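Student: I'm new to this one. Could you walk me through reading it, one feature at a time?

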Amino acid sequence: MARKVIHVAVNGVTGRMGYRQHLVRSLLAIREQGGIRLDDGTVLYPEPVLVGRSEERLRVIAERHGLARWTTSLDEVLADPDVDVYFDTQVTSARETALARAIAAGKHVYTEKPVAHSAAAAFGLAEAATAAGITHGVVQDKLFLPGMIKLRRLLREGFFGRVLSVRVEFGYWVFEGDGIPAQRPSWNYRAEDGGGIVLDMFPHWQYLLEDLFGPVRAVYARRAIHLPRRWDESGEPYDVTADDAAYAVLEFAGGAIASVNSSWAVRVNRRELLELQVDGTHGSAVAGLRECAVQHKVSTPMPVWNPDLPDPLDYPAMWTDVPDNASFDNGFKTQWELFLKDAALGRPFPWNLSAGARGVQLAELAMRSSDEGRRVEVPA
């Protein structure tokens, strides 16, 4: 059986997402399963090249997983003709420049979000990548979550009838860091370093909601800094300059309306950290990362408003979980396999830099809406 090695430079591998999701649970997991079988029977085998700023941390990761190549020099990686793919999972502030350099070097590029700080820059990267004739893509992992796969199936099969509204609830309490260490890096809360929940999460909402319900045509948003003081990784206090919560109303071209709450200053009272409720004329569903529960029109109870008596209805018990009916792989790994196949064959990737740019565009328009206190239309 023929084997084809594809060398992948992973820049930012010492970070939490870069190490756990992209290296260990995706690239190394693909190697452990024996690679990716192409249509002609060839097995595609990824060979990671670790890239980062800390020699010590890179060396430790390489030794832990038996990897031969690591470097602190992006120039070295981009000049190496054996490196096929450049992947970026750095801090947001460093991403745009590195992607532009990788595109200019003729590498296939795959990247985390947001693609750039501005929509203009993000669309510029997409145009440059297309002109270079490379395969380019953006991580859109939430499309591959089991809960969203189940929800997409319900939509495809007409379960909801006409979709009326969507509610997105996302977030959890991120500790300030003065007692219990924070679960997120401090740069997430500094605007000057590319932080902020709008720039972080609205690119996710754009691709997920567009995939499920069609194009977003308008947005009204309010962003906030609920916790203005936090403590960094060294235990030093700092002033928060980036939004840690955002509340938005989105209007879809098809007529449905979504309310989207995103917060790192909220305590969870739901089954999962992300829940998306869809209400339609024939039924409703609540989907999370893994679960999806439904209630059809014929099973909908008839509540009666009476605050003077205890409500006799057990509302959660009236929903039915959608069974798995399939095995679900890690969403990041699934998309990695699809991208590596397209890169190896030199063909376009469906979730490309243009798709990533639309996510930056929605985040930018949400910030403008908040700053100007008005509804903003999204260009078609």
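Student: Which residue takes a positive phi just after helix 7?

Tutor: Before we start, keep in mind that this is a predicted model. The residue you want is G214, with a phi of about 95°.

Student: And how do I read helix 7 itself? What should its 17 residues span?

Tutor: Here's the general idea: an α-helix has 3.6 residues a turn, so residues three or four places apart point the same way. Now the case here: helix 7 covers residues 197–213, and at 1.5 Å a residue it should span 24 Å. Its end C-alpha atoms are 22 Å apart, which agrees.

Student: Is helix 7 largely enclosed or largely open?

Tutor: Largely enclosed by the rest of the structure, because 15 of its 17 residues are buried. Look at what helix 7 lies across: strands 8, 9, 12, 13 and 14. Relative to strand 12, helix 7 runs at about 25°.

Student: Those strands keep coming up. In what order do they sit in the sheet?

Tutor: In general, strands of a sheet pair through backbone hydrogen bonds, either parallel or antiparallel. In this model, 9 strands form an open sheet with mixed pairing, ordered 17-16-15-14-8-13-12-9-18. The edges are strand 17 (320–321) and strand 18 (376–377); each has a single partner strand, so one side of each is left without a neighbour in the sheet.

Student: How many bridges join strand 9 and strand 12?

Tutor: There are 8, and the two strands pair in the antiparallel sense. Strand 9 is residues 216–224, while strand 12 is residues 245–252. To spot one pairing, find Y220 and then its bridge partner in strand 12, V249. Strand 9 also has helix 9 (residues 353–372) lying across it, at about 60°; that helix lies across strand 18 too.

Student: What about empty space? Which strand gives the most to the lining of the second largest pocket?

Tutor: Rolling a probe the size of a water molecule over the atoms shows where empty space is left. The second largest pocket holds about 450 Å³ of space. Of its 18 lining residues, R270, R271, E275, Q277 and V286 are the closest to its centre. Strand 14 gives the most to the lining, with 3 residues, and strands 8 and 15 each supply at least two.

Student: Last one: where is G161 found?

Tutor: G161 is in the loop between helix 6 (146–156) and strand 8 (163–171). Its relative accessibility is 37%, so G161 counts as partly exposed. Leaving out residues up to four places away in sequence, G161 touches T281 and H282.

Methods
Residues are numbered from 1 along each chain as its sequence is written. This is a predicted model: local features need pLDDT of at least 70, side-chain atom pairs count only at pLDDT 80 or more; totals for chains, interfaces and linings use all residues. Side-chain values use heavy atoms; hydrogens and water are left out. Helices (H or I, at least four residues) and strands (E, at least two) are DSSP runs, numbered from the N terminus. Buried means under 20% relative accessible area, exposed over 50%, partly exposed in between (1.4 Å probe, protein chains only). Contact means heavy atoms within 4.5 Å. The expected span of a helix is 1.5 Å times one less than its number of residues. Two strands pair if DSSP finds at least two bridges between them. Axes are lines fitted to C-alpha atoms, for helices over the stretch in contact, and angles run from 0 to 180 degrees between N-to-C directions. On a 1 Å grid over the protein atoms alone, a cavity is a set of points where a 1.4 Å probe fits but cannot get out, and a pocket is an open set with protein on both sides within 12 Å along at least five of seven lines; lining residues have an atom within 4 Å of a point. Grid points are joined across faces, edges and corners, and a volume is the space filled by probe spheres set on the points.
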